[in-house]
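Work through the following exercises with the sequence and the model side by side. Each task is followed by a solution that goes step by step.

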There are 2 protein chains.
Amino acid sequence: MSLALKKSLGARSLFLPEPVLLLCTYDAEDRPNVMTVAWAGVCGNEPPSLQVSVRPGRWTHQAVLLRKAFTVCVPSAAMLEAVDYIGLVSGRRDDKFKACGFTPVKSRLVDAPYIAECPVIMECAFLEAVGLKSHTVILGEVRDMKVDESCLDPTGNFPDITRVSPLVYDDGSVSYFGVGPFLGKAFSAGRAIRDGSRA
Amino acid sequence: MSLALKKSLGARSLFLPEPVLLLCTYDAEDRPNVMTVAWAGVCGNEPPSLQVSVRPGRWTHQAVLLRKAFTVCVPSAAMLEAVDYIGLVSGRRDDKFKACGFTPVKSRLVDAPYIAECPVIMECAFLEAVGLKSHTVILGEVRDMKVDESCLDPTGNFPDITRVSPLVYDDGSVSYFGVGPFLGKAFSAGRAIRDGSRA
C-alpha cells in the first residue's frame, strides 16, 4: 500500500457505506407515514438499539416524539423507486404508503406501523434523543426484528443479506448501490496476521 | 410485491448494511491504537457529526474519553485481512499499527492519529456520549475529511465510492461484502411515482 497524497475536503458529514432504511411512524391523526434515512447506525446490544437522525422540521420528527415509537424497515433493491419517492415528498401533504402501494401493518409491540412489503423490520421504542443543530439523533430500543421467511439464512435465526438485497447509499454521488460479493468471514480472515505478529 | 410471511427473531441489534470503519486513538501513553467498528452512523451536518458505539471495556473507550478525540478511517476492500485482524486483538497488548504495517499520522486538528494507508479519513473531536448498558454511543464532530487524490470523484469534492471500494459488514453471517453496482440516482428515480400520485 502506498502513502497516497490526501486532499482535505473540509468538515463533511458522510461516510462510506451508508444504509438505506425506511422510518415509519403514526402522526397525531393516526396516519401512517414513512421517510427514507441514510444517517443511522446500530448503537448496542444491551438493550438492542439503533440510532436514526431526523431534522426537526420533518413530519416524522414530531411523530416519533409524540408516539414514542417508530419502526425501521429495510427495503430491498427492487423497491428503489419507492424508496427514492419517499425521500422526495413530505407526509404532511402526501400519503406515501398509498402512492407506493405499501401495506401499513400496526405493530403489536410499539405504537408505529411497518411496511408489510419490506423484507426486514425492526420495531423500536423511543429511548433517548440528542439534539444537534441540524438533526435530532433519535435512539430506539429494538423490541423485535421480523424477517420474511424467504429471506432467512439457513439457520433461520438471521436475515440472509443476499436474499434481502438491501441498498447502499452514497452521499458523494447521491446514488444508490447494491451490496456486492462476499469477500471474507469476520474473526477469521485476520488470523494469519495475528498469529504472525505473535510468532 | 407479495405479502410474505414474517418470522419474529426477537430483539436484535443489527441492520443491513452496516459499514466497516477503523476507529483510531492515542492512549494515555501516546501509543496509537485502532479498533474495527460496524456499529456507527452519520448524525447530522450542523455540526458535521457521526456516531460510533464502543464497549466500555475496550482500550479505545478510555482513550476517546481521555483524549476527547478520534479519527474514523474508511478501509478499502484490499485491506480486509488487516481490518479483521484489528477486530481480533486488543491494543492493550498488541501494536496493531505495526502488525498491519500501517503508518500512524498525527492529526493536526484533533488529538488522535489516522492511518495513512486508508483512502478516506474523518478527524473527529469528541462531542457527547450516551451510556447504554452494553455500549457507549460516542458522538464526534468531524473537523475535516481527507481523501486520497486517487479516490476523488470527478468534481474533486467527494470520495468516489467505486474507487474507495469500502467494505460492507453483515452481522447475520459475520461476513464482509463489497459494494455492488450502481443502481440509481437519488432524488430522481422516484419522480415518476411522485408525479403519478399527484396527477
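The exercises below concern a predicted model and deal with its confidence, its interface and one pairing of strands.

**Exercise 1.** Establish what confidence the predictor assigns to chain A and to the complex.

Solution. Begin with the chain: the mean pLDDT of chain A is 96, and 98% of its residues reach 70 or more. Then turn to the complex, for which the predictor gives an ipTM of 0.96 and a pTM of 0.96.

**Exercise 2.** Describe the interface of chain A and chain B by its residues, its buried area and its polar contacts.

Solution. Counting residues, 115 of chain A are in contact with 115 of chain B. In terms of area, the two chains bury about 10000 Å² between them, with 66% of it on carbon and sulfur atoms. The polar part comprises 52 residue pairs in polar contact between chain A and chain B, both residues being at pLDDT 80 or more. On the side of chain A that touches chain B, strand 13 (residues 175–185) gives the most, with 11 residues, and by class that side has 66 nonpolar, 25 polar and 24 charged residues.

**Exercise 3.** Find how many salt bridges cross the interface, and examine the surroundings of Lys6 in each chain.

Solution. The rule finds four salt bridges across the interface of chain A and chain B. One of them joins B:Lys6 to A:Asp148, whose closest N and O atoms are 2.7 Å apart, which meets the cut-off of 4 Å. For the Lys6 of chain A, look at the strands: strand 1 (residues 6–8) of chain A pairs with strand 11 (residues 136–148) of chain B in the antiparallel sense, over three bridges. Within this pairing A:Lys6 stands opposite B:Asp148.

Technical notes
Residues numbered from 1 in each chain as written. Chains lettered and ligands numbered in written order. Predicted model: local features only at pLDDT ≥ 70, side-chain atom pairs only at ≥ 80, totals over all residues. Heavy atoms only, no water. Contact = heavy atoms within 4.5 Å. Buried area = accessible area lost by both parts, 1.4 Å probe. Salt bridge = Lys/Arg side-chain N within 4 Å of Asp/Glu carboxyl O. Polar contact = N/O pair within 3.5 Å; in protein donor to acceptor, adjacent residues only side chain to side chain. Helix = DSSP H or I, 4+ residues; strand = E, 2+ residues; numbered from the N terminus. Nonpolar A, V, L, I, M, F, W, Y, C, P; charged D, E, K, R; others polar. Pairing = 2+ DSSP bridges. pLDDT = per-residue confidence, 0-100.
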